[in-house]
Amino acid sequence: MSAYFLPSDILLPDFHAVNGTAWATIACDQFTGEPAYWSTLDERVGEQPSTLRLILPEAFLDETEERVPVVQKNMEQYLREVLVRHQNRMIYLERVQSDGRVRRGLIGMIDLEHYDYNRGSRTLIRATEETVPDRIPPRLAVRRDAVLELPHVMLLIDDPERTVIEPIAARAETLELAYEFPLVQGSGAVSARFVDSVGIGRIENALNRLISPERMRTRYGENVAPLLFAVGDGNHSLAVAKASYEEIKAAHGESALYHPARYALVEVVNLHDPAIEFEPIYRVMMGVDPDDVLSELEKYSFSLHGNAAPQQARFLSAKRRGTMHFGNPSAQLTVGTLQTFIDAYIKAHPGASVDYIHGTKAVEALSRAEDAVGFLFSGMEKDDLFRTVIYDGALPRKTFSMGHAEDKRFYIECRRIK
């Protein structure tokens, strides 16, 4: 079998004895500015088995030193008393979102040898946004001595013909039920089934077809390195898994190739699933002279001599509104063209900053300040994602949002990494 996406020994509690709603926990990087969310969840879970006891919410990263030993101790206890191993399994998952739509995915493991988060990588698995090195060490401290991993990484495949996941969905009722329960209020529900050997074989064949030379050439152009998985959510979590594996390789040499940390448990989702929506994340520059920003941006626009299609962005300030045109950009996306300018401007102007904003109304409100200027632009279309990653490398940070916080992946499955 190919090493692109594999069955795994998946650990789950016995949901006849364990409350699934209490067990499942939202991804650790959600509600980071709302510690009350996590405190309320802690009270609701109480003494029940829960993945909340196996993670470090990023709202409490400043308490890493005290919390990590407790998490690791809980992992050992759950291995002994709570978790049941399902050997060499792959899971088909249906996630009912907060809006009632159903997102379909597959849970299995990837080989980290095929993944590189650095810009310009040509591996089969690539990051979609810039990885911030400073975000890795505190998360690596959690994983380094952990015996379990819990995935909230979501990988995307570019499969408009719906050849990988959807055939499994069509025969889901014939598959063995793994679990089914509502999530915490406002987050929908989950239903999962174990994929049989026939389905696993079909998944492998379909994934191989996605990266055949003929399809890559037809869909993306000549002489491009095949890209199978683009990280849709959990960029930094997957980067931490890679960093941990590289530490093991450095310590153990070739024997690390047989270490379970070589692999990472993930969920794979079709980019073209109707439940997946991309929402743009806009920019508002603060602590600036809006007239100077717009003057410099106009000069920057004339300096561009790339081959990408023309772009435009609306600008808003307390006194001016209009549209800036970029006739010959180098970046494939407007947000990339803007971000390059913004980064350079902030570096040259102490006191200037940028905020990343969801929703046009918030941009309108913030841009009324005398020292602010906001930018609105078209969001990235689904068909642009893989092409942009292939040609530009990782996208600028905060390029798009994929769903609301309540609809992010929940921790349910576990996998042993030691």
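This report covers the cavities, the pockets and one sheet of a predicted model.

**Enclosed space**

Rolling a probe the size of a water molecule over the atoms reveals where empty space remains. Searching the whole structure gives five cavities of 30 Å³ or more. The largest cavity holds about 440 Å³ of space. The second largest cavity holds about 50 Å³.

Start with the largest cavity. Its lining is made of 25 residues. Nearest the centre lie Val142, Arg143, Leu150, Ser237 and Tyr411. Four elements each supply at least two lining residues: helix 4 (136-144), strand 8 (148-149), helix 8 (235-252) and strand 13 (263-270). Helix 8 gives the largest share, with five residues. By class, the lining of the largest cavity counts 18 nonpolar, three polar and four charged residues.

The second largest cavity can be listed by residue. Asp116, Tyr117, Asn118, Arg119, Gly120 and Ser121 are among its lining residues. Arg126 and Ala127 also line this cavity, as do Val389, Gly393 and Ala394. This lining divides into four nonpolar, four polar and three charged residues.

**Open pockets**

The largest pocket has about 990 Å³ of space. Its lining has 37 residues, and Asp29, Gln30, Asp233, Lys398 and Lys408 are the closest to its centre. Strand 12 (229-233), helix 8 and strand 20 (400-401) are the elements that give two or more residues to this lining. Helix 8 therefore contributes to the largest pocket and also to the largest cavity. The lining of the largest pocket divides into 10 nonpolar, 15 polar and 12 charged residues.

The second largest pocket has a volume of about 280 Å³. Of its 19 lining residues, Arg119, Ala331, Gly336, Thr340 and Pro396 are the closest to the centre. Arg119 also lines the second largest cavity. Helix 10 and helix 12 (382-392) are the elements that give two or more residues to the lining of this pocket. Helix 10 supplies the largest share, five residues. By class, the lining of the second largest pocket has seven nonpolar, seven polar and five charged residues.

The table sets out the volumes and linings.

| Space | Volume | Nonpolar residues | Polar residues | Charged residues |
|---|---|---|---|---|
| Largest cavity | about 440 Å³ | 18 nonpolar | three polar | four charged |
| Second largest cavity | about 50 Å³ | four nonpolar | four polar | three charged |
| Largest pocket | about 990 Å³ | 10 nonpolar | 15 polar | 12 charged |
| Second largest pocket | about 280 Å³ | seven nonpolar | seven polar | five charged |

**The sheet and helix 10**

Strands of a sheet pair through backbone hydrogen bonds, in either the parallel or the antiparallel sense. Here, five strands form an open sheet in the order 17-16-19-15-18, and the pairing is antiparallel. Strand 17 (321-326) and strand 18 (353-357) are at the edges. Each has a single partner strand, so one side of each lacks a neighbour in the sheet. From one strand to the next, the twist averages 25°.

Inside the sheet, strand 16 (residues 311-317) pairs with strand 19 (residues 372-376). The two are antiparallel and share four bridges. Which residue of strand 19 is the bridge partner of leucine 316? The partner is glycine 374.

Helix 10 (residues 334-348) packs on this sheet. The helix touches strand 15 (282-286), strand 16, strand 17, strand 18 and strand 19. The direction of helix 10 makes about 15° with that of strand 15. Helix 10 also gives five residues to the lining of the second largest pocket.

Terms used: Residues numbered from 1 in each chain as written. Predicted model: local features only at pLDDT ≥ 70, side-chain atom pairs only at ≥ 80, totals over all residues. Heavy atoms only, no water. 1 Å grid on protein atoms, 1.4 Å probe; cavity = no way out; pocket = protein on both sides within 12 Å on 5 of 7 lines; lining within 4 Å. Points joined across faces, edges and corners; volume = space filled by probe spheres on them. Nonpolar A, V, L, I, M, F, W, Y, C, P; charged D, E, K, R; others polar. Pairing = 2+ DSSP bridges. Axes fitted to C-alpha atoms, helices over the stretch in contact; angles between N-to-C directions. Contact = heavy atoms within 4.5 Å.
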